[in-house]
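Trainee: I have a structure open in front of me and would like to learn how to read its features. Could you walk me through it?

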Amino acid sequence: ELAKFYQGAQERCTDISTRLIFFTLEINRMDEAALAEKMAVPAAAHYAPWVRDVRAFRDHQLSDEMEKILHEKMVAGRTAWVRLFDETMADLRFPFQSGTGEHESLTESEILHKLSDKDGAVRRQAGLSLGRVLGENIRQFALITNTLAKDKEIDDRWRRYAQPVSYRNLSNQVEDQVVEALRGAVTLAYPDLSHRYYALKSRWFGVEALDFWDRNAPLPQDDNRVIPWAEARKTVLDAYGDFSPELATIGQRFFDSPWIDVPPRPGKASGAFAHPTVPSAHPYLLLNYQGRVRDVMTLAHELGHGVHQVLAGPQGALMSDTPLTLAETASVFGEMLTFRALLKAEDDPARRRVMLAGKVEDML
């Protein structure tokens, strides 16, 4: 029933958007002088940023017929392959034997959670189980990946994008050379940041090199405490409130309303995200909360998206959307507000090092 509903909703949305696709195509066909004259009207001028972003894709637009068929076929093409990947990942189960000898069948979120366990044997078993199950499904994952890559190559070629990343960069309103400079700078920093940190962590654990399942291992001084949901909620809202009572008030609405899907469960997607839906409704947050400090940071991060989406809502459906570069600024801001509040409240140097190590690993 869920799959039927999801497929039906996708087809309905595709049908509606296919009927509306002419609108942006016509905007991109307009002459600059004629458009400038129309945008001088105050009611139209309000939408100038949206029109600018639409016309950024002007040079990559195809004929009306091609645009329509490509859009209409997405539900049976690219979108279907992405759905296959998501549903396959959600259905995977990872065998795990608990300390009591009980055999468990864990979801992806649950087995990844074990990689942050204080017990090295638990981490090792989780890492090997994760690799084994993913390896058993590698043919299907390779087929999905290669099909999506070919689909994108065809699309990019017909639309005359210079590089595979060009469409995404244009969507994010950032130039290819800027992203390339960022990528190059990050790569050059590997030895000074990533390699140096993991060499330091290896010394903390008394080994020459970390096993792959120990990459996210808590430091030996970590008490491995599970943070209750109520405490996580208070921690995040207090941090938001110390900066801005308005942010905390908006954030409170997510907890008072059924806007957050919190625990992991079979069939649920792993990871976390915030979805703005439409301004006339409200955003939703998806989490897989399991009580680690990292999970509290994830809550703070996704709530940052949610608060941003609520605040942007009054701009309307066309003007409330943001490029990824701005959207992640809001979420990382909320995350760092919370982390700095936690760090400030901790007096024990050993505990502060544990917190800083966890944050460095998340950033890396």
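Trainee: Let me start with one residue. Is E110 buried, exposed or partly exposed?

Mentor: The classes depend on relative accessible area: buried is under 20%, exposed is over 50%, and partly exposed lies in between, using a 1.4 Å probe and protein chains only. E110 has a relative accessible area of 23%, so E110 is partly exposed. E110 sits in helix α8; helices here are DSSP runs of H or I with at least four residues, strands are E runs of at least two, and both are numbered from the N terminus. E110 and Q290 are 180 residues apart along the chain, yet their C-alpha atoms are separated by 8.3 Å.

Trainee: What should I keep in mind about the model and its numbering?

Mentor: The model is predicted, so local features need pLDDT of at least 70 and side-chain atom pairs count only at pLDDT 80 or more, while totals for chains, interfaces and linings use all residues. Residues are numbered from 1 along each chain as its sequence is written, and side-chain values use heavy atoms, with hydrogens and water left out.

Trainee: How many helices and strands does the protein chain have?

Mentor: The protein chain has 18 helices and 5 strands. Of its 364 residues, 36% are buried.

Trainee: How do I read a hairpin, and which way do the side chains of β1 point?

Mentor: In a regular strand the side chains alternate between the two faces of the sheet. In β1 (residues 94–97), F94 and F96 point to one face and are buried, while P95 and Q97 point to the other face and are not buried. Two strands count as paired if DSSP finds at least two bridges between them. β1 and β2 (residues 103–106) run antiparallel and are joined by 4 bridges, and Q97 has H103 in β2 as its bridge partner. This hairpin has 5 residues between the strands, and G101 takes a positive phi near 90°.

Trainee: And in what order do the strands of the open sheet run?

Mentor: Strands of a sheet pair through backbone hydrogen bonds, either parallel or antiparallel. Here 3 strands form an open sheet with mixed pairing, in the order β3-β5-β4. β3 (260–261) and β4 (273–275) are the edge strands, each pairing on one side only. Between β4 and β5 (residues 284–286) there are 3 bridges in the antiparallel sense, and A274 has L285 in β5 as its bridge partner.

Trainee: Which residues touch the most other members of the largest nonpolar core?

Mentor: In soluble globular proteins, nonpolar side chains tend to be buried together. A nonpolar core is a set of buried Ala, Val, Leu, Ile, Met, Phe, Trp, Tyr and Cys residues joined through side-chain atoms within 4.5 Å. The largest one has 27 residues, and V236, Y240, F254, I260, V296 and L303 touch the most other members. At least two residues come from each of α14 (229–243), α15 (245–256), α16 (293–312) and α17 (324–345), with α16 giving the most, 7 residues. A second, separate core has 13 residues, including M89, I111, A126 and F141.

Trainee: What is Y240 in contact with, beyond its neighbours within four places in sequence?

Mentor: Contact means heavy atoms within 4.5 Å. Among the partners of Y240 are L247, A300, L303, V307 and L337.

Trainee: What about empty space: which residues line the largest cavity?

Mentor: On a 1 Å grid over the protein atoms alone, a cavity is a set of points where a 1.4 Å probe fits but cannot get out; lining residues have an atom within 4 Å of a point. Grid points are joined across faces, edges and corners, and a volume is the space filled by probe spheres set on the points. The largest cavity has a volume of about 60 Å³. Its lining includes M89, R93, E108, P264, K268 and N288, and α7 (78–91) and α8 each give two or more residues to this lining.

How values were computed
1 Å grid on protein atoms, 1.4 Å probe; cavity = no way out; pocket = protein on both sides within 12 Å on 5 of 7 lines; lining within 4 Å.
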